[in-house]
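Subject: Structure handover

Hello,

Here is the structure I promised to pass on. Please open it beside this email and follow along as you read.

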Amino acid sequence: MKYGLWRHQTGQGMGLNTDRLAAFVGGRLAAAADPDKAGPMAAYMKTDMPFYGVQKAGRVPILREAVAGFPAKTRDEYRAAVLALWRQPHREEKYLAIGYAAAFPRFVTLSSVSLYRKMIVEGAWWDFVDGIATSLVGEVLLNQRERMTPRIRAWIDDPDLWLRRTAIISQLGHKDRTDEDLLFEACERRMYEREFFIRKAIGWALRDYARTAPEAVAAFVTEHRVGLSGLSYREATKHLDLG
C-alpha cells in the first residue's frame, strides 16, 4: 500500500483508527513473512506464540511507516494504538507495539507506566520485558526520577519476576545520570534470589554501570562477594580489574 493511501485511510481529523493500524502492521508483516525463519525464531524464544519470521531489520521499516502513517495525537490514542498492536497474536506485532510506544517520547511519562506494567506482566519473557524496561520504564525514570523512583523501589520486591527484573535493569544506559543508591539497593535486595533471570539482570546492570563508575561497582561487588551469585559476580566484573 502506498504511503499516501494508507495515510489517508487513517481518517485524519477523525482520530487514530487503531484497527487500521493493526491491519496495516499485520499485512506488512505477512507480506514479509519467512516461514523458514519463523520456526527457529519461536524455538529460540522457547514459545508457542507464532512468528511471521520477520527479523529486526525487516521490522524497522514497518515500524517507521506505522509511526508516520498512524501517529498518536493524544495520550488516549497512544494507549489505544499500543494495545491494538500488543493484542495481536504474533510476536513481531508485540515487538512493534513496544517500538511504537517508544517512538512517541512525549507520551513516555509517568502517566503511561500502568500501560508498561501491563505489558511487562503479560509479556513475561525477556525479549519483551527488556525492551520495555530500558526504552520505556527507564526513560520515565530518567526524566521523572523523583516521582518514578518509588515505583521502581516497590517493584524490587514485587511478586512478579519480570517487574523485579525491570527494577534492576531500568537504569541501563543512564551512565552518569544513574541513581547509584537505587541500583545498588535493587541488586542487594535481590542478590540471594536463585532465579536465573534475576541473577543475570544483576550482573548485567552492574557491568553496564561499571563502564561509568568502575570503582563504585568494584567496591560493591567486593563488599557483597559472599551474597552475589557466581553468575552475577562474573557478569558484573567482566571488564573490571580487581587485582
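**A buried charged pair**

Asp127 is buried, with a relative accessible area of 12%. Keep in mind that this is a predicted model. Asp127 has a partner: its side chain and that of Arg91 meet in a salt bridge, 2.7 Å from N to O. The pair links distant parts of the chain. Arg91 sits in helix 6 and Asp127 in helix 8, 36 residues apart. Arg91 is buried too, at a relative accessible area of 3%. Some background helps here. Side chains of opposite charge can pair when their charged atoms come close.

**Other salt bridges**

How many salt bridges does a search of the whole structure find? The search finds 15. Two more are worth a look.

Start with Glu122 and Lys118. Their side chains meet in a salt bridge of 2.7 Å, N to O. Both residues lie in helix 7, which covers residues 113-123. They are four residues apart, so about one helical turn separates them. Glu122 is partly exposed, with a relative accessible area of 44%. Lys118 also counts as partly exposed, at 28%.

Next, go to helix 11, residues 180-190. There the side chains of Arg189 and Glu185 meet in a salt bridge of 2.3 Å, N to O. These two are four residues apart, so they too are separated by about one helical turn. Arg189 is partly exposed, with a relative accessible area of 31%. Glu185 counts as partly exposed at 21%. Now look beyond the pair. Salt bridges that share partners join Arg153, Asp157, Arg164, Glu185, Arg189, Arg190 and Glu193 into one network.

**A buried arginine without a salt bridge**

Now find Arg145 in helix 9, residues 145-155. Arg145 is buried, yet it has no salt bridge. Which side chain of opposite charge is nearest to Arg145? It is Asp179, 4.6 Å away. A salt bridge needs the nitrogen and the carboxyl oxygen within 4 Å, so a pair at 4.6 Å does not count.

What does the side chain of Arg145 make a polar contact with? Its partner is the side chain of His174, at 3.3 Å. Leave aside the neighbours of Arg145 within four places in sequence. Arg145 is then in contact with Val140, Gln171, His174, Arg177 and Asp179.

**The pocket and the cavity**

The largest pocket has a volume of about 330 Å³. It is lined by 14 residues. Lys56, Arg59, Tyr95, Ile98 and Gly99 lie nearest its centre. Three helices give two or more residues to this lining: helix 4 (56-69), helix 6 (91-102) and helix 8 (126-143).

The structure also holds one cavity of 30 Å³ or more. The largest cavity has a volume of about 60 Å³. Its lining includes Ile168, Ile169, Gln171, Leu172 and Lys175. Thr178, Leu183, Ala205, Asp208, Tyr209 and Thr212 line it as well. Helix 10 (161-169) and helix 12 (196-210) give two or more residues each. Which element gives the largest share of the lining? Helix 12 does, with three residues.

**Three loop residues**

Two residues have a backbone angle to check. Most residues other than glycine have a negative phi. Lys46 has a positive phi of about 55°, although it is not a glycine. Lys46 is in the loop between helix 3 (35-45) and helix 4. Is Lys46 buried or exposed? Lys46 is exposed, with a relative accessible area of 71%.

Lys175 is the other one. Lys175 has a positive phi of about 50° and is not a glycine. Its place is in the loop between helix 10 and helix 11. Lys175 is exposed, with a relative accessible area of 56%. Lys175 is also one of the residues that line the largest cavity.

Last, find Ala103 in the loop between helix 6 and helix 7. Ala103 counts as partly exposed, at 32% relative accessibility. Its C-alpha atom is 22 Å from that of Leu163. The two residues are 60 apart along the chain.

Best wishes

Key:
Residues are numbered from 1 along each chain as its sequence is written. This is a predicted model: local features need pLDDT of at least 70, side-chain atom pairs count only at pLDDT 80 or more; totals for chains, interfaces and linings use all residues. Side-chain values use heavy atoms; hydrogens and water are left out. Buried means under 20% relative accessible area, exposed over 50%, partly exposed in between (1.4 Å probe, protein chains only). Lys and Arg count as positive and Asp and Glu as negative; His and the chain ends are not counted. A polar contact is a pair of N or O atoms within 3.5 Å; within protein, one must be able to donate a hydrogen and the other to accept it, and residues adjacent in sequence count only if both atoms are side-chain atoms. Contact means heavy atoms within 4.5 Å. On a 1 Å grid over the protein atoms alone, a cavity is a set of points where a 1.4 Å probe fits but cannot get out, and a pocket is an open set with protein on both sides within 12 Å along at least five of seven lines; lining residues have an atom within 4 Å of a point. Grid points are joined across faces, edges and corners, and a volume is the space filled by probe spheres set on the points.
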